[in-house]
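Got the model open in your viewer? Keep the selection box handy and follow along.

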Amino acid sequence: MLTVEQVVASHKANLETLFGLTNKAFEGVEKIVELNLTASKAALAEANAHTQSMLSVKDAQELLALQSGLLQPLAEKTAAYSRHLYDIATSTSAEFSKNMEGQTADAQKKFMGLVDSAAKNAPAGSESAVAIMKSSVAAANNALESVQKAVKQATEMAEANFNSVAATATNATKQAAKKR
């Protein structure tokens, strides 16, 4: 049976985990805010430079050349921004997943300990019920592992698709800029 000390220790561990995850979430938000501030400062500086360049244009052909020269860097910067944002999100998500896997494994061990303890104290003739309980726990663990693997594969596929779309968009912009 559970003692008061075990319950208190469990609650303390859960609170530490909660605060640790909250700190990780705030770190992710801080990184996103920093990325947005950096991108905003760069955009403002580029807008200023572009405005100055437009004011010094002498004819329509020079204006068209200036405008077409802006498309490729803009697409590349947008792709780089998206990549940074995606990296921040995936690293934060990975921290949460890693923590959840650890917590799940720990909970599974504790639960199996309780089942084993109950099995030792069970009356004679209850061996089949204990075996069914252990089998059910093992099946649940296998199902959880399968779900975790599927989520990991889906994440990897989404990342590959994101990289592919970003590369395609950047290349398309380069091609469009060359045609002008």
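What follows is a walk through a predicted model, one selection at a time.

**Stop 1: the first helix**

Start by selecting residues 4-55, which make up helix α1. How far apart are its end C-alpha atoms? They sit 76 Å apart, and that agrees with the 76 Å that the 52 residues of α1 should span at 1.5 Å a residue.

Now colour the buried residues of α1: these are Thr17, Leu21, Gly28, Leu35 and His50. Keep Thr17 in mind, as we come back to it later on.

**Stop 2: a greasy spot on the surface**

Stay on α1 and select Leu15, Leu18 and Phe19. Together these three make a nonpolar surface patch of about 320 Å². Click on Leu15, which has its place in α1. Is Leu15 buried or exposed? Somewhere in between: its relative accessibility is 45%, so it counts as partly exposed.

**Stop 3: the salt bridges**

Side chains of opposite charge can pair when their charged atoms come close. How many salt bridges does a search of the whole structure find? It turns up four.

Select Glu95 and Lys24 to see one of them, where the closest N and O atoms are 4.0 Å apart. Look at where the partners sit: Glu95 is in helix α2 and Lys24 in helix α1, so this pair links distant parts of the chain, 71 residues apart. Glu95 is partly exposed, with a relative accessible area of 33%. Lys24 also lands in the partly exposed class, at 29% relative accessibility.

Next, select Glu46 and Lys77. Their side chains meet in a salt bridge, with 2.5 Å from N to O. This is another link between distant parts of the chain: Glu46 belongs to helix α1, Lys77 belongs to helix α2, and 31 residues separate them in sequence. Glu46 has a relative accessibility of 35%, which makes it partly exposed. Lys77 is partly exposed as well, with a relative accessible area of 41%.

Now move to Arg83 and Asp87, a salt bridge whose closest N and O atoms are 2.9 Å apart. What separates these two along the helix? About one helical turn, because Arg83 and Asp87 are four residues apart in helix α2. As a reminder, an α-helix has 3.6 residues a turn, so residues three or four places apart point the same way. At 24% relative accessibility, Arg83 counts as partly exposed, and Asp87, with a relative accessible area of 33%, is partly exposed too. Then add Glu27 to a selection of Lys24 and Glu95: salt bridges that share partners join these three into one network.

**Stop 4: the largest pocket**

Turn on a surface and select Ser97, Glu101, Gln148, Val151 and Lys152. Of the 18 residues that line the largest pocket, these five lie nearest its centre. The pocket holds about 510 Å³ of space.

Which helices should you show for the lining? Bring up α2 (60-121) and α3, as each supplies at least two residues. The largest share comes from α3, with ten residues of the lining.

While Glu101 is still selected, add Glu30 and draw a distance. The C-alpha atoms of Glu30 and Glu101 are separated by 25 Å, and the two are 71 residues apart along the chain. Glu30 is found in helix α1. With a relative accessible area of 55%, Glu30 is exposed, as the cut-off for that class is over 50%.

**Stop 5: over to the third helix**

Finish by selecting residues 127-179, helix α3, and pick out Ala129 within it. Ala129 is partly exposed, its relative accessible area being 45%.

Now bring back Thr17, one of the buried residues of α1. How far apart are Ala129 and Thr17 in sequence and in space? They are 112 residues apart in sequence, and 34 Å apart from C-alpha to C-alpha.

Definitions and conventions:
Residues are numbered from 1 along each chain as its sequence is written. This is a predicted model: local features need pLDDT of at least 70, side-chain atom pairs count only at pLDDT 80 or more; totals for chains, interfaces and linings use all residues. Side-chain values use heavy atoms; hydrogens and water are left out. Patches are made of residues with over 30% relative accessible area and no salt bridge: like charges are joined within 9 Å, nonpolar side chains (Val, Leu, Ile, Met, Phe, Trp, Tyr) within 5 Å. Accessible areas come from the Shrake-Rupley method with a 1.4 Å probe; for residues, only the protein chains shown count as cover. Buried means under 20% relative accessible area, exposed over 50%, partly exposed in between (1.4 Å probe, protein chains only). The expected span of a helix is 1.5 Å times one less than its number of residues. On a 1 Å grid over the protein atoms alone, a cavity is a set of points where a 1.4 Å probe fits but cannot get out, and a pocket is an open set with protein on both sides within 12 Å along at least five of seven lines; lining residues have an atom within 4 Å of a point. Grid points are joined across faces, edges and corners, and a volume is the space filled by probe spheres set on the points.
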